[in-house]
Amino acid sequence: MSRPDAAGAARGWRWAGPWWPRTLYGRLLGVLLIGLVAGQGLSLWINLAERDRVVQRSTGLQPARRVADLVLLLDTLDAAERQRFVRLMDAPPLRVRLLEAPEPLQAPGPAATAAPETALALYRQGLRQGLGDGRPFELAAWQITPPQRPGSLADGPASPPPPPSAASPADPRAAWRAQRAERWRHHAGLVFVAQVPLQGGQWLRLENRPLADDTSLPWRVPVSLLVLALTVAALSWWAVRRVTRPLADLARAADGLGQDLTQAPLPETGPQEVARANRAFNRMQQRLRRTLEGRTRMLAAVSHDLKTPLTRMRLRAEMLDDEDLRERMEHDLDEMSQMVGDALDHLRGLEQAQERRPVDVMALLESLQADQQAMGRDVRLEGACERPWLGGAAALRRCVNNLVDNAVLYGQRALLSVQDSPEAVTIRVRDAGPGLPPEALEQVFEPFFRLEASRNRVTGGTGLGLAIARQIAEGAGGTLSLRNPPEGGLEATLRLPR
């Protein structure tokens, strides 16, 4: 069954998928950037919608009011003045004619379809507001689809260019009117046709083709949004990095606490939450250091006080006539001295940091092999380590020596194999013993733990050898583990990162 915390974490971030960052820094930055993109996209959509709404009103309500103003002005003029005024006003986008009777309102061409009801309602509203509710009028609207580009395959041969205007280059107003007439001739969009009775019995026919705003979105808008997004993203990156950096420092300090209890305390500055977390971590480090120092002093005092009675007992044991009894008492006294010494070494190792110097791993292992073989033990060495390892030579020798002692005492012989890589140095120690039960592979690393069936005081040891070895490995940033190989025996794997 999986652990509750792991299952909860999996449920909490399953929605994110593998693309979602695993670090707090990446997640905060991702949330800020997603919010920024969403906000900018929504703002652009609102601006475009508002722009379309303004354009729609400009093509319906406002042109209708201008038509109404023109009708009211013509009501005040006589027939001759009306004719002259209509000729002046008859220019795109407004075509104006005077009629004696209304004409049928027909579509301007086959490409015309019914206009949107919204635009027609706005135009009708503008006319009624300008003319008043009492004056009748006729109104129709169509939507003309865009014509095909001149010169396309569907059009056949390209149409000849329009004849040059008679207006001189010095007449900009005539050139402008000619340009607008050309746009009106190829107009695509809404067409409003209204017929309104005038004073005196005449009718005014108005064909209004508002030239829609066909300009694209100004390049300044996306550029300004891009500049804003990049600026906010840069500020977010800087802010999130400053917020998460104290957490990274706290994680590094917590990871290094197992290697060195005397490391420098964390700065108790920054945001209130970070300062409180660092302050609590510093207090924890101080309490741990005081606890271990107190345990070491207490055990050192007990060891010192035990020396006198142990010495007296050793002298009395030597005065015994029974040789067998004397040997057993001396063995017990040696075991007591060794246990006290190992316990002191174990506690001192918890509170002392390992020095880091280049170590010739192969020279160290060859020296250890020679010492073991001089004691008549079967210890072999294979593999190679070409480059020095940065760490403590004395601590590494003691760690490997404890593993070799453990293998020789309980497995008859020890085989050391060395494997070097750019990431780590791996040392394996294998024996030919019976191995360990699977549930005991981790328990044997606990201080003073022994298996009664195969590892007891008769064969020697205090139950601290593997605990001290793992403590040294973890102090160097490495790992130490045990396993039962398929071919038998017990194998200890020491991995020391470079």
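**Exercise 1. A strand and its partner**

State how many bridges join S9 to strand S10 and how the two strands run.

Solution. Step 1: S9 and S10 (residues 424–430) are joined by six bridges, and they run antiparallel. Strands pair if DSSP finds at least two bridges between them. Helices (H or I, at least four residues) and strands (E, at least two) are DSSP runs, numbered from the N terminus. Step 2: one bridge partner can be named, since Ser 417 of S9 is matched with Arg 428 in S10.

The model is predicted: local features need pLDDT of at least 70 and side-chain atom pairs count only at pLDDT 80 or more, while totals for chains, interfaces and linings use all residues. Residues are numbered from 1 along each chain as its sequence is written, and side-chain values use heavy atoms, with hydrogens and water left out.

**Exercise 2. The sheet around S9**

Give the order of the strands in the open sheet of five strands, and say which strands stand at the edges.

Solution. Step 1: the order is S7-S9-S10-S12-S11, and the pairing is mixed. Step 2: strand S7 (378–383) and strand S11 (479–483) are the edge strands; each has a single partner strand, so one side of each is left without a neighbour in the sheet. Step 3: on average, neighbouring strands of this sheet are turned by 15° against each other, direction ignored. Axes are lines fitted to C-alpha atoms, for helices over the stretch in contact, and angles run from 0 to 180 degrees between N-to-C directions.

**Exercise 3. One residue of S9**

Decide whether Val 418 is buried or exposed, and list what Val 418 touches.

Solution. Step 1: Val 418 belongs to strand S9 (residues 413–420). Step 2: its relative accessible area is 8%, so Val 418 is buried; buried means under 20% relative accessible area, exposed over 50%, partly exposed in between (1.4 Å probe, protein chains only). Step 3: leaving out residues up to four places away in sequence, Val 418 touches Met 362, Leu 365, Leu 381, Glu 382, Gly 383, Ala 384, Cys 385, Val 425 and Thr 426. Contact means heavy atoms within 4.5 Å. Step 4: Leu 494 is 76 residues from Val 418 in sequence and 9.7 Å from Val 418 in space, C-alpha to C-alpha.

**Exercise 4. Helices on the sheet**

Find which strands H11 lies across, and at what angle H10 and H11 pack.

Solution. Step 1: helix H11 (residues 393–411) lies across S7, S9, S10, S11 and strand S12 (491–497), and runs at about 140° to S9. Step 2: helix H10 (residues 361–374) packs with H11 at an angle of about 45°, their axes being 10 Å apart. Step 3: that makes H10 oblique to H11, because angles under 35 degrees count as roughly parallel, over 145 as roughly antiparallel, 65 to 115 as roughly perpendicular and the rest as oblique. Step 4: Leu 364 and Leu 365 are among the residues of H10 that meet H11, where Leu 396 and Val 400 are among those met. By class, this contact of H10 with H11 has seven nonpolar, three polar and three charged residues. Ala, Val, Leu, Ile, Met, Phe, Trp, Tyr, Cys and Pro count as nonpolar, Asp, Glu, Lys and Arg as charged, and the others, Gly among them, as polar.

**Exercise 5. A covered strand**

Sort the residues of S4 by the way they point.

Solution. Step 1: in a regular strand the side chains alternate between the two faces of the sheet. Step 2: Leu 190, Phe 192, Ala 194 and Val 196 point one way from S4, while Val 191, Val 193, Gln 195 and Pro 197 point the other way. Step 3: eight of the eight residues of S4 (residues 190–197) are buried. Step 4: S4 runs antiparallel to strand S3 (residues 138–144), with six bridges, and antiparallel to strand S5 (residues 203–208), also with six bridges.
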